[in-house]
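Welcome! Let us take a walk through this protein together, from single residues out to the overall picture.

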Amino acid sequence: MRFDYQSIDTTANRLYISHMNAGELVVFDLKGRKVEGTVSDLPRITGVWSVPALRKVYASVPGRHHVAVIDARTLRVEARVGQIGFPDGIAYAPDVKKVYVSDESGGGELVIDGPTNHVVTTVPLGGEAGNTVYDPGSGQILVAVQTRNEVVAIDPRTDRIIARHRLTGASHPHGMAVDASGRLLFVANEGNATLLLVDLKTMRITGHLSVGEDPDVLAFDPEWHQLYVAAESGEVTVFAERNGSLAPEGRITMPHAHTVSVDPRTHLVYFPLQDVEGRPLLRIMAASRP
């Protein structure tokens with residue numbers, strides 16, 4: 001009953017949760033605190049990303065080697081796009097209205113045109129990719145190429161690689177999150193249970209911190225400047241970001257708590273847990289203001 005990525009749509013008050021083993025996308029009403037619906041026939045669903053501007057939700061479907069495009073109004077799949085080995089992380093570049101999907105099997109970054117649902121291209125990365133994020137400050141797509149210990153920067157206007165940044169101290173970088181206002185990138189390493197703090201202005205590593213074993217999903221609260229790093233071990237590490245550095249705030253342990261999301265309006269933190277006393281459970285926690 002494993003869960004994977006999550007995406008919050010603040011305009012619709014929804015949390016989208018990929019329920020990997022069930023092959024479903026769970027749609028959770030944040031205000032009513034209840035399941036609003038599910039989208040099925042998404043075998044081994046991993047990545048999920050809501051794009052309210054297009055009224056669409058994108059889901060990575062490794063079981064079918066494609067990306068499902070879901071109408072957010074009807075919760076029906078309107079298109080199944082691309083041929084991609086193991087689709088994983090998803091990001092959206094709003095200026096060009098393109099969706100970027102990483103391929104953990106090493107096949108390259110799939111690029112989808114948002115309005116038409118057509119494949120634009122595939123960008124070769126030269127390795128297996130973990131998560132993909134959009135950096136609003138530079139307007140670039142950043143991809144963790146985990147088998148090369150690099151972060152690759154793609155220009156969405158041309159869909160070409162414009163930089164490769166070698167991460168000293170990295171070991172199979174996978175999860176990422178961006179602090180847009182602070183111009184910081186957070187990169188979690190599955191291979192050595194560490195978190196790298198990267199200055200986006202220079203792409204220099206300015207911090208190297210310990211996290212739970214086999215870190216996976218990251219979530220950043222942009223107003224409270226709190227970072228959550230969830231790990232396969234069930235350990236969630238919490239950091240406070242201040243003046244370009246990170247200070248550990250504490251650790252939480254929950255069974256299978258390897259995925260996390262945070263609502264930037266309420267600062268509530270969401271942990272879908274696959275097995276609590278024999279059943280799946282969504283744990284909602286109130287953060288303390290740092």
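A residue counts as buried when its relative accessible area is under 20%, and as exposed when that value is over 50%; anything in between is partly exposed. Keep this in mind as you look around, and remember that the model in front of you is predicted.

With that cut-off in hand, we can begin at I154, which sits in strand 15. Its relative accessible area is 0%, so I154 is buried. What surrounds I154? Leaving aside residues up to four places away in sequence, I154 touches Y100, E109, V123, L125, Q140, I141, V143, D159, R160 and I161. Another residue you can look for is R164: it lies 10 residues from I154 along the sequence, and the two C-alpha atoms are 9.2 Å apart in space.

One of the residues that I154 touches, D159, deserves a stop of its own. You will find D159 in the loop between strand 15 (150–155) and strand 16 (160–166). Its relative accessible area is 10%, so D159 is buried despite its place in a loop. The backbone of D159 has a phi near 55 degrees, a positive value in a residue that is not glycine.

A second aspartate also has a positive phi without being a glycine: D214, at about 60 degrees. D214 belongs to the loop between strand 20 (204–210) and strand 21. Is D214 buried or partly exposed? Its relative accessibility is 30%, so D214 counts as partly exposed.

Now turn to D4, in strand 1. With 4% relative accessibility, D4 falls under the 20% cut-off and is therefore buried. Not counting residues up to four places away in sequence, D4 is in touch with S18, M20, I45, T46, D88, D216, H258 and T259. Take T46 from that list: D4 and T46 are 42 residues apart in sequence, yet their C-alpha atoms are 5.6 Å apart in space.

Strand 1 also leads us to the largest pocket, which holds about 1100 Å³ of space. The pocket is lined by 36 residues, and those closest to its centre are S7, I8, W49, V178 and F220. Which elements give two or more residues to this lining? They are strand 1 (3–9), strand 5 (48–51), strand 9 (87–93), strand 13 (129–135), strand 17 (173–179), strand 21 (215–221) and strand 25 (261–262). Strand 1 gives the largest share, with 5 residues. Sorted by class, the lining has 25 nonpolar, 9 polar and 2 charged residues.

Finally, step back to see the whole protein. How many helices and strands does the protein have? There are 0 helices and 27 strands. The radius of gyration is 17 Å, close to the 19 Å that the globule rule gives for 290 residues, so the protein is as compact as a globular protein of that length. Along the principal axes, the C-alpha atoms fill a box of roughly 45 × 45 × 30 Å.

Buried residues, such as I154, make up 57% of the 290 residues. The accessible surface comes to about 11700 Å², with 46% of it belonging to carbon and sulfur atoms. As for contacts between residues at least 6 apart in sequence, 38% join residues at least 24 apart.

Key:
Residues numbered from 1 in each chain as written. Predicted model: local features only at pLDDT ≥ 70, side-chain atom pairs only at ≥ 80, totals over all residues. Heavy atoms only, no water. 1 Å grid on protein atoms, 1.4 Å probe; cavity = no way out; pocket = protein on both sides within 12 Å on 5 of 7 lines; lining within 4 Å. Points joined across faces, edges and corners; volume = space filled by probe spheres on them. Helix = DSSP H or I, 4+ residues; strand = E, 2+ residues; numbered from the N terminus. Nonpolar A, V, L, I, M, F, W, Y, C, P; charged D, E, K, R; others polar. Rg over C-alpha atoms; globule rule 2.2 N^0.38 Å. Buried < 20%, exposed > 50% of the residue type's maximum accessible area, 1.4 Å probe, protein only. Contact = heavy atoms within 4.5 Å. Areas by Shrake-Rupley, 256 points an atom, 1.4 Å probe, with all protein chains shown as cover.
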